[in-house]
Amino acid sequence: MFKVSIITLSDKGYEGKREDVTGKTLIEFFNNTNLYEVVSYKLIKDEKDMLKDEIIKICDNNIADLIITNGGTGFSKRDITPEATKEVIEREIPGISEYMRMESSKITKRAILSRGVSGIRNNSIIINLPGSPKGAIENINFVIDILPHGIEILSGQATECATKIQK
């Protein structure tokens, strides 16, 4: 089982003025798979330092193989998720975010406005998802099948990426 941490960014959710439907939906999604187990969940304000601290804590203490953030990827002044993520990752994984935007744009052109990023810190993959439940689930579904291979390579469980040539 791969360990997953979910982080929701929402000022209103943090203040108790809105229910975190997206976070709960993502927890249910991952726990209903045979490969993933949600080991932590946190609802925080749209504050860069709070997000950075949470990601660093999870990665540097090997709490999760995969960190999923939701919210804070849009254009509002408080949307800081991509900037905070970029400040703590060691390597970016642009293909994940590019692919999610490309596939999601087939559903709605507004998907190209998402600024989410993906990257690696230590042995964890971090992926920024949109804040809406529908958008978050659509996007994670586009990449869920390739994540185990990435996690296995990152953790050293798998060492071969190339397929063998059959004679």
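**View 1. Buried residues of helix 4 in a predicted model.** In helix 4 (residues 81–88), T81, P82, A84, T85 and V88 are buried, that is, under 20% relative accessible area with a 1.4 Å probe and protein chains only. These residues lie on the same side of helix 4, because they cover an arc of only 165° around the axis, taken from the directions from the helix axis to the C-beta atoms. Their cover includes strand 1, helix 3 (48–60), strand 3, strand 5 (118–121) and strand 6. Helices (H or I, at least four residues) and strands (E, at least two) are DSSP runs, numbered from the N terminus.

**View 2. The largest nonpolar core.** Such a core is a set of buried Ala, Val, Leu, Ile, Met, Phe, Trp, Tyr and Cys residues joined through side-chain atoms within 4.5 Å. This one has 25 residues, and F30, L66, I68 and I140 touch the most other members. Helix 6 supplies the largest share, 4 residues.

**View 3. Surroundings of F30.** Neighbours within four places in sequence aside, F30 is in contact (heavy atoms within 4.5 Å) with V4, I6, Y36, V38, L66, I68, I140 and I144. Another core lies apart, with 14 residues, including I7, L9, I58 and A64.

**View 4. Position of F75.** F75 sits in the loop between strand 3 and helix 4. F75 counts as exposed (over 50%) because its relative accessibility is 62%.

**Notes.** Residues are numbered from 1 along each chain as its sequence is written, and side-chain values use heavy atoms, leaving out hydrogens and water. The model is predicted: local features need pLDDT of at least 70, side-chain atom pairs count only at pLDDT 80 or more, and totals for chains, interfaces and linings use all residues.
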